[in-house]
Amino acid sequence: MRLKQRGIPIKGKAPGHGGISNKAIKCFSLPLLSLLVAIFNACLKNCYFPPAWKEAEIIGTHKLRKTSDLPASYRPISFLSGLDNFLEKTLKTRLSDHLLGKGLIINKQFSFRPAHSCLQQVLRLVEYERTHSTRRLIRVGVPEGSALSPLLYSAYTNDIPRPLSGVQLALFADDIVLFFKSRTMMTYTSLVFAHANPKALNRLQVEHNKFCRTATDTYWCVRNTILHRDLELPTVSKYMKDASKRFFDIAGSHVNALLRAAVDYEPPHSSYFIRRPRNVLIDPPDVLTAAVESLNDVNDTHD
């Protein structure tokens, strides 16, 4: 292992357990860094991890709108040793290059890896009915706040049994879902696919109109269509449809074959009783969006 002062991969100011801050570590002299590298290499060679670096300082941060006299009103945050953080982030870079660079992490895991997100995993699940297993006590794990914990968790759970007989597997961190492809269900509450209830979207549009009028001090007689045209602002419905299109475009060309397969279909006709996420791309515009687009078309004709 080799390190350079300029490339010390640690951030933050909290000293954590041990009292040595990250700022102090970045100021280590070259002889001190050389000694630290020797310690790190000895740890790796002997498969030894100092027990003191496994300890964490726990503080509680108060949760919003929770009473301050209950322990459940505080969220525990752990601070590990700065030296431990230094070693872990150095190892993380090398492990990531090996595990992710060679495709060793299964493509069903969408967390702790570049170009993957929770919303993309939701895209795979939004059409399918989900069930939950019974709660089980977990007796082993990785420490919170550790730089290596997410990557080690992905590697440790990488051999999770692959289901057969049409059952699909989806993972995001420690959330695991099994679902059947043969059973479909559409959820109309996902803003990602602009499938919220039209009444809810209309209420959101009303608040949007009020904000625009207040911000621009517009006269009451100016119509909302004129306001959106002059401000060059999309309606809420149009904005969500455009965002959905970008989302599907990214998913359709994603490196993960599972995500590409989730969007590789033609949406049913808008009059069909079963809807799928891509239906938002062919849905007719709402009244306000249609009126604004009509005004913009008139302007383009005159130009």
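This briefing walks through the fold, three helices and the aromatic contacts of the structure above. It is a predicted model, in which local features need pLDDT of at least 70, side-chain atom pairs count only at pLDDT 80 or more, and totals for chains, interfaces and linings use all residues. Residues are numbered from 1 along each chain as its sequence is written, and side-chain values use heavy atoms, with hydrogens and water left out.

**Overall picture**

- The protein has ten helices and four strands; helices (H or I, at least four residues) and strands (E, at least two) are DSSP runs numbered from the N terminus.
- Read from the N terminus, the order of elements is α-α-β-β-α-α-α-β-β-α-α-α-α-α.
- Of the 303 residues, 33% are buried, where buried means under 20% relative accessible area, exposed over 50%, and partly exposed in between (1.4 Å probe, protein chains only).
- About 20,300 Å² of the protein is exposed, and carbon and sulfur atoms supply 59% of that area; accessible areas come from the Shrake-Rupley method with a 1.4 Å probe, and for residues only the protein chains shown count as cover.
- Taking contacts (heavy atoms within 4.5 Å) between residues at least 6 apart in sequence, 63% join residues at least 24 apart.

**Helix H2**

- Helix H2 covers residues 30–45, and its 16 residues should span 22 Å at 1.5 Å a residue; the end C-alpha atoms are 22 Å apart, which agrees. The expected span is 1.5 Å times one less than the number of residues.
- Leu-33, Leu-36, Val-37, Phe-40 and Cys-43 are the buried residues to look for in H2. They cover an arc of only 120° around the axis, which puts them on the same side of H2; the arc is that of the directions from the helix axis to the C-beta atoms.
- Pro-31 and Lys-45 are exposed on the other side of H2.
- Helix H3 (82–99) is included in what covers the buried residues of H2.
- Just after H2, Cys-47 has a positive phi of about 50°.

**Helices H6 and H7**

- For helix H6 (residues 198–216), 19 residues at 1.5 Å each should span 27 Å, and the end C-alpha atoms are indeed 27 Å apart.
- Leu-201, Gln-205, Asn-209 and Cys-212 are buried in H6. Their arc around the axis is only 85°, which puts them on the same side of H6.
- The face of H6 turned away from that buried side carries exposed Lys-199, Arg-203, Phe-211 and Thr-214.
- Asp-217 follows H6 with a positive phi, near 50°.
- In helix H7 (residues 224–231), Thr-225, Leu-227 and His-228 are buried. Seen down the axis of H7, these buried residues fall within an arc of 160°, so they line one face of the helix.
- Glu-232, just after H7, takes a positive phi of about 55°.

**Aromatic rings and a charge**

- There are four aromatic pairs; rings of Phe, Tyr and Trp (its six-membered ring) pair if their centres lie within 6.5 Å, and planes under 30 degrees apart count as stacked, over 60 as edge-to-face and the rest as tilted.
- Phe-40 and Phe-86 pair edge-to-face, at 5.6 Å centre to centre with 85° between the planes. This pair links distant parts of the chain, with Phe-40 in helix H2 and Phe-86 in helix H3, 46 residues apart.
- Both Phe-40 and Phe-86 are buried.
- Phe-49 and Trp-53 also form an edge-to-face pair, 6.0 Å centre to centre and 80° between the planes.
- Phe-49 counts as partly exposed at 28% relative accessibility, whereas Trp-53 is buried with a relative accessible area of 12%.
- Ring pairs join Phe-40, Phe-49, Trp-53 and Phe-86 into a cluster.
- The charged end of Arg-278 sits over the ring of Phe-248, 5.3 Å from its centre; this calls for NZ of Lys or CZ of Arg within 6 Å of the ring centre and within 35 degrees of the ring normal.
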